[in-house]
Amino acid sequence: TFRWDYVNPRRGEWRFERFDSLMDLADRGGIKVIAVLAYDVGWIHPEGKATRNVTPELLPLYLDYVRQVVERYRGRVDAWEIWNEPNVTFWKGSRKDFCRLAAEAAALVKELDPEAPLLVGATFRVDGPFIRALAAAGAFDRADALSIHPYAASPGGVSKQIEEAKGLLEELSLRKELWITEIGYPT
C-alpha cells in the first residue's frame, strides 16, 4: 500500500524514499507489485487526524496524491488498485463518496498509466450491493478487473465466493477479469 500519509505527510511535502527502496528491491528480486492507492492523511481534516474518509471537497487532494504516485512509479508497477476493503472499516465515509473517489481515481490512473492493469473493488468478500454501486458510479469504466478478498472458513467457501463474483460480473455485463488480491488464514 502506497499510503498517502507516508508519501505526503504534510501539505506540499512528498516523501518517496520508502517506496523507492521497496521498488528497487522488487525490481532486483523480480517481484511484481500491485500498488494500492489508499487511505487519507491527517492534514486534510480540520482536526488533523486521518478518518478514512475523503469527502468530495477533499477529493482533489486525493487525486493529487494519486497523480504523484502514478507518475513516479508508472512503468515499474505491475498493477494499480484503488483503496483496500472500502466496504468495511477501511473506509468510513459514505458509499456514494467512495464510489465517486473510485471512478475519478480510476480515470486518472488510466490516463497516466494506460498499460498497467487497474483493479477496482478490493472488497472484503463479495459485497454485491457495494460492487453494484461502484459499477453504477462508473468506477469500472476504465478498470481492467474486479478485485476481491474472498476470506472464508474453508477452501469451498472461497470457491463459492469466486463463483458469486463471476456471476456478479456477468449480471452487470462487466467484461472484466477477476483478481484475488488478498487472502489468508485459514484459507
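**Exercise 1.** Which residues of the largest nonpolar core touch the most other members?

*Solution.* The structure is a predicted model. Its largest nonpolar core has 56 residues, and those that touch the most other members are Tyr62, Trp80, Ile82 and Trp83. Helix α4 gives the most to this core, with 10 residues. As general background, nonpolar side chains tend to be buried together in soluble globular proteins.

Take Trp83 next. Leaving aside residues up to four places away in sequence, Trp83 touches, among others, Tyr62, Phe98 and Leu101.

**Exercise 2.** Classify the packing of α3 against α4 by angle, then sort the contact residues by class.

*Solution.* Step one: the axes of α3 (residues 59-73) and α4 come within 10 Å and cross at roughly 30°. Step two: angles under 35 degrees count as roughly parallel, so α3 and α4 are roughly parallel to each other. Their crossing is right-handed. Step three: the contact includes Tyr62, Leu63 and Val66 of α3, and Leu101, Ala105 and Leu108 of α4. By class, the contact of α3 with α4 has 10 nonpolar, no polar and 5 charged residues.

**Exercise 3.** Do the same for α4 and α5.

*Solution.* Step one: the axes of α4 (residues 95-112) and α5 (residues 128-136) come within 9 Å, with a crossing angle of roughly 50°. Step two: this makes α4 oblique to α5. The crossing of α4 and α5 is right-handed. Step three: α4 contributes Arg95, Phe98, Cys99 and Ala102 to the contact, while α5 contributes Pro129, Phe130, Ala133 and Leu134. The contact of α4 with α5 divides into 7 nonpolar, no polar and 1 charged residues.

Terms used: Residues numbered from 1 in each chain as written. Predicted model: local features only at pLDDT ≥ 70, side-chain atom pairs only at ≥ 80, totals over all residues. Heavy atoms only, no water. Axes fitted to C-alpha atoms, helices over the stretch in contact; angles between N-to-C directions. Helix = DSSP H or I, 4+ residues; strand = E, 2+ residues; numbered from the N terminus. Parallel < 35°, antiparallel > 145°, perpendicular 65-115°, else oblique. Left-handed = near helix turned anticlockwise from the far one by under 90°. Contact = heavy atoms within 4.5 Å. Nonpolar A, V, L, I, M, F, W, Y, C, P; charged D, E, K, R; others polar. Core = buried A, V, L, I, M, F, W, Y, C linked by side-chain atoms within 4.5 Å. Buried < 20%, exposed > 50% of the residue type's maximum accessible area, 1.4 Å probe, protein only.
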